[in-house]
There are 4 protein chains.
Amino acid sequence: MKTDPRAVLLIQCPDRPGLVAAISSFLFAHGANITDLDQHSTDAEPGAYFMRLELQTGGLDVTLDRLRELFELQVARPYAMQWRLDLCSERKKVAVLVSRHDHALLELLWQFQRGDLAADLSLVISNHPDLRAAVEGFGVRFEHVPNDRSQRPQAEARMLELLADADVVVLARYMQIVSEDFAARFQNRLINIHHSFLPAFVGADPYRQAFERGVKIVGATAHYVTAELDAGPIIEQDVARVSHRHAVEDLKALGRDLERRVLARAVRWHCEDRVIVHGNKTVVFA
Amino acid sequence: MKTDPRAVLLIQCPDRPGLVAAISSFLFAHGANITDLDQHSTDAEPGAYFMRLELQTGGLDVTLDRLRELFELQVARPYAMQWRLDLCSERKKVAVLVSRHDHALLELLWQFQRGDLAADLSLVISNHPDLRAAVEGFGVRFEHVPNDRSQRPQAEARMLELLADADVVVLARYMQIVSEDFAARFQNRLINIHHSFLPAFVGADPYRQAFERGVKIVGATAHYVTAELDAGPIIEQDVARVSHRHAVEDLKALGRDLERRVLARAVRWHCEDRVIVHGNKTVVFA
Amino acid sequence: MKTDPRAVLLIQCPDRPGLVAAISSFLFAHGANITDLDQHSTDAEPGAYFMRLELQTGGLDVTLDRLRELFELQVARPYAMQWRLDLCSERKKVAVLVSRHDHALLELLWQFQRGDLAADLSLVISNHPDLRAAVEGFGVRFEHVPNDRSQRPQAEARMLELLADADVVVLARYMQIVSEDFAARFQNRLINIHHSFLPAFVGADPYRQAFERGVKIVGATAHYVTAELDAGPIIEQDVARVSHRHAVEDLKALGRDLERRVLARAVRWHCEDRVIVHGNKTVVFA
Amino acid sequence: MKTDPRAVLLIQCPDRPGLVAAISSFLFAHGANITDLDQHSTDAEPGAYFMRLELQTGGLDVTLDRLRELFELQVARPYAMQWRLDLCSERKKVAVLVSRHDHALLELLWQFQRGDLAADLSLVISNHPDLRAAVEGFGVRFEHVPNDRSQRPQAEARMLELLADADVVVLARYMQIVSEDFAARFQNRLINIHHSFLPAFVGADPYRQAFERGVKIVGATAHYVTAELDAGPIIEQDVARVSHRHAVEDLKALGRDLERRVLARAVRWHCEDRVIVHGNKTVVFA
């Protein structure tokens, strides 16, 4: 039973005059009241157009499925749109992959528990057994799937079974490489937190790299995972000032705070349908 | 002769279903292509609706004046809108009032000179003669109008003559109180920079107040001036971290940098028609 | 048995020439190696001097108690110092008072569990029973002490019994006023988190006050509690940008993140002997 | 005639017990009153020690030159120190190299004019004639020295003549590569502003690189120039949030503000003897 009549319409198409009129007139004609609207068009030629609408669906004159059919025929096709329309009450299923560092995971569990994350966090998979008690304490299923270079195919096969239902998979400091196939299976639905201000300090031990370069600011980056390591579309970043007084361990401690905040924001925005991937970049209607 | 075909439409009205459709359909029908759109509606009941549109007017099927007439009749009245539609090429005339501190004024002159401020900065009035050379060096008119408690009415009368043409008046560290009448003459067009994070430290010498309170962050606030001192609608604020190491003079030096940035942003947003005043608050489509 | 040979020496005295030489020569003569040193002197006349030293005590030629006696006689008295010298291994006992909001408390429990908080978080007292399971899940004692205006004396008497051992008491969104007597019992050891950028928005419901004032930045403030509400020495503050899009509930959600970070920093600094109170201000050697 | 009796002592040496006592006792014995002290020691083994002291020299019992001799013999040699002791009244001579972008240069000129920069900005050299009037308007000498790949040796030879007196050379958006020899001539005295958050986006057109990577934060970096492009010791960095709404031109405009603030801070700190270079990193006692 759905009690929340809100829906989100996400649109991506070539920019053309009349788009707003076509979309908003269609919705108004069918009783879908717009409560929030955000849009963006790129300066490039030919321009790309992006739109996010929040609708009240309580007054619809047709079913939601019928509205989707009509929208496809009357609006989406003429304007060559990629689009989707989802009820907010159909919450996304989030699964988290983690190794031993618990900070980013705990932040997600906590926000989920408090109701700050509009999604169902239903599964945590780890290549280590350590965090079982912490996860199960939140009433969330925990699965231990050992993984390393030697057993990656079997590990990923097992994880894919477990993730069959997942709408989005979050790498919350998961210290294993995922294969290209795995990444491709969750295209634009696989979110990683990298513990540096990308594209600086790609690869391993970025806090040590940052320490050795002597930067005065460190950062964290949440991004969609693609075949190329640490090079996928960036969703969110944040930074903190540091100085010569910060040893590597201090950077890691500061970084933990950055990582969990940045990842939590990225996951929340994804789950609220606020992120559109365009090439290797994102449009975030936050 | 206008070479820039862009215009901005600003709207404020009670929130009702169909607003976006009505506005966008009207514009599309007359060949006004929407290139940017931002909107906001308050959660309160009854809701208030705010919209800012950037339009290309090159393809209009009527004159801009006729478009305004038609919009008033067909869209604005039915929805009880307050609105205005202005060509970007009709730049606002900005006048600055200043005393002896030059930092906020110089930032504005600099941005104006570089073309970063989409407005005409055509007049600076000061109650001191000190800054004449600096201002005239930018090719901007400077008028010295002595002012203090004893001669306020005469001073303001003289300034009102000088400001007859001004679209917006900026108090860039103008150390004289302005009368209620003066403020009322420029309602929502008189911008002040207050050197604190309002509503903390209202009144005189806010950096000393901040020092004595021992705050760890100082700020600056740009706001529209109303009859009540330092209590008008806030346009923009920014802050900087401080510590026990900062003496009052250090806070002032840090504050100069905050003040000029905050004021420059507020003035730019106002001049680009990005600010709507609603009650004692602002909606800023930045 | 102490395994950590580090100690912290905190000093506060009138500023006079020769202070650094007197202190460092004394310590060197007794084999106390300085590993960190921070100092501050105020510009005011007569100046006040503050110093924080970290020492290695492994090479001392006398016991720590004897070092204290000699320091008092030979250095502290001649320079009229207030001072203390504590081993880092003697961790402070932290007790937390909380009502129903768990975010600030959980952050402290979490940092404590991870070892990021150099202190023993040994007791949580709440005027509501709700958080018992969450607290006990961390292996920390939870006591429910009902409290409201009508039963404050009894409640505080009971809490004082429970807090007999506490070195520092943290109000982590404790929604009851504490009496002047209670505050005086824990002078400079009672830390509160106020959910605004003090001194703006003193008192109840500061996020609503901030919303109504239309500020563009909200904040949180950790301070020592004194007899005057929300007016004690500020230890730490932080802020986040907001806009017209943020409803009161959004400010509260943002604020939760600010509150827990600001309070956790303040508690950590206090527990690491990094904060010296001077008048109504703090010197924080962070 | 010197009226400012303050001096700064900068020290760098291997970390050893007794350093603070040796230095402070020596100074106290000769009547040099310490008014500010900052120090740092690295965690690495063997540790490196850094110290910055501000002294009042009005009560010295010997001349400053004699104090230097005695310090070298009695303190610096036994502890293997690199050090220098300079009167604050002997202001550093700053020369600026610039091409056509004026923002970073103007900020320096402005701070110099206002007295916020404790140095003498005495010379601006440009490979373009455009900024002559702006520079001379501040009463500062301007020299046009054409420079490009084909005439670099002659250009640098001419600049070295002009810079014979300069204590520090600032590249304020100087769009020419400097030779290794030139960089070596001004080792740890040649400051560049790079318009990105290094080490991200090394090389040309970093704002375009940032735009194409889709970062959510852009930055600027002030660093000492070494033989390797954009890889020298970082003095200061700062950042600003951006989004999909920022085109390359918007990033450049935002960046101008970052660049001038970051460069101005780095130059001020250098001129106040607050920066010590250690390997490829800096210790900044700001």
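A polar contact here is a pair of N or O atoms within 3.5 Å, where, within protein, one atom must be able to donate a hydrogen and the other to accept it; residues adjacent in sequence count only if both atoms are side-chain atoms. With that in hand, the interface of chain C and chain D is a good place to start: across it, 6 residue pairs are in polar contact, both partners at pLDDT 80 or more. The pLDDT values are there because this is a predicted model. Salt bridges are another matter, as the rule finds 0 of them between chain C and chain D.

What does chain C bring to this contact? Helix H1 (19-29) and strand S2 (33-41) of chain C each put at least two residues into the side that touches chain D. Strand S2 of chain C has the largest share, with 7 residues. Sorted by class, that side of chain C comes out as 6 nonpolar, 7 polar and 1 charged. The contact draws on 14 residues from chain C and 14 residues from chain D. About 1200 Å² is buried between the two chains, and carbon and sulfur atoms give 59% of that area. Three residues stand out on the chain C side: C:Phe28, C:Leu37 and C:Gln39 supply 35% of the area that chain C buries against chain D, more than any other three residues.

The arrangement of these two chains is easy to describe. Turning chain C by 180°, with 0.0 Å of shift along the axis, superposes it on chain D with an RMSD of 0.0 Å. The two copies are thus related as by a two-fold rotation axis. Both copies use the same surface, since 100% of the contact residues of chain C recur in chain D. As for the axis itself, the residue of chain C that comes closest to it is C:Ala21, whose C-alpha is at 2.8 Å.

Chain D also meets chain A. Here the contact takes 36 residues from chain A and 36 residues from chain D. The area buried between chain A and chain D is about 2900 Å², with carbon and sulfur atoms giving 53% of it. On the chain A side, A:Arg213, A:Lys216 and A:His244 lose the most area to chain D, and together they make up 24% of what that side buries.

Across the interface of chain A and chain D there are 6 salt bridges. The side chains of A:Arg245 and D:Asp38, for instance, meet in a salt bridge at 2.6 Å, N to O. The polar contacts between chain A and chain D come to 24 residue pairs, again with both residues at pLDDT 80 or more. Several elements of chain A give two or more residues to the side that touches chain D: strand S2 (33-41), helix H7 (206-213), strand S11 (234-241) and strand S13 (281-284). Strand S11 of chain A gives the most, with 7 residues. By class, this side of chain A has 16 nonpolar, 8 polar and 12 charged residues.

Chain A, too, can be laid on chain D by a turn of 180° and a shift of 0.0 Å along the axis, with an RMSD of 0.0 Å. The C-alpha of chain A nearest that axis belongs to A:Ala200, 2.3 Å away. Once more the same surface serves both copies, as 100% of the contact residues of chain A recur in chain D.

Over all chains, the structure holds 132 salt bridges. One further pair is formed by the side chains of D:Asp257 and B:Arg261, at 3.9 Å, N to O. D:Asp257 lies in helix H8 (residues 248-271) of chain D and B:Arg261 in helix H8 (residues 248-271) of chain B, so this salt bridge joins two chains.

Some backbone details are worth a look as well. Most residues other than glycine have a negative phi, and most peptide bonds are trans. In chain D, however, the peptide bond from D:Leu198 to D:Pro199 is cis, with omega near 10°. D:Pro199 sits in the loop between strand S9 (190-194) and helix H7 (206-213) of chain D. That loop between S9 and H7 also holds D:Phe201, a residue other than glycine with a positive phi, near 65°. In chain B, a cis peptide bond joins B:Leu198 and B:Pro199, with omega about 10°, and B:Pro199 is placed in the loop between strand S9 (190-194) and helix H7 (206-213) of chain B.

Finally, the UniProt record, an unreviewed entry, lists residues 8-83 of chain A as "domain: ACT". In the model this span is 32% helix and 36% strand, and its end C-alpha atoms lie 10 Å apart.

Terms used:
Residues are numbered from 1 along each chain as its sequence is written. Chains are lettered from A and ligands numbered from 1 in the order in which they are written. This is a predicted model: local features need pLDDT of at least 70, side-chain atom pairs count only at pLDDT 80 or more; totals for chains, interfaces and linings use all residues. Side-chain values use heavy atoms; hydrogens and water are left out. Copies are superposed by least squares on the C-alpha atoms of residues with pLDDT of at least 70 in both. Contact means heavy atoms within 4.5 Å. Buried area is the accessible area (1.4 Å probe) that two parts lose on being put together, summed over both. A salt bridge is a side-chain nitrogen of Lys or Arg within 4 Å of a carboxyl oxygen of Asp or Glu. Helices (H or I, at least four residues) and strands (E, at least two) are DSSP runs, numbered from the N terminus. Ala, Val, Leu, Ile, Met, Phe, Trp, Tyr, Cys and Pro count as nonpolar, Asp, Glu, Lys and Arg as charged, and the others, Gly among them, as polar. UniProt positions are given in the numbering used here, feature names are shortened, and annotations may be inferred rather than shown by experiment.
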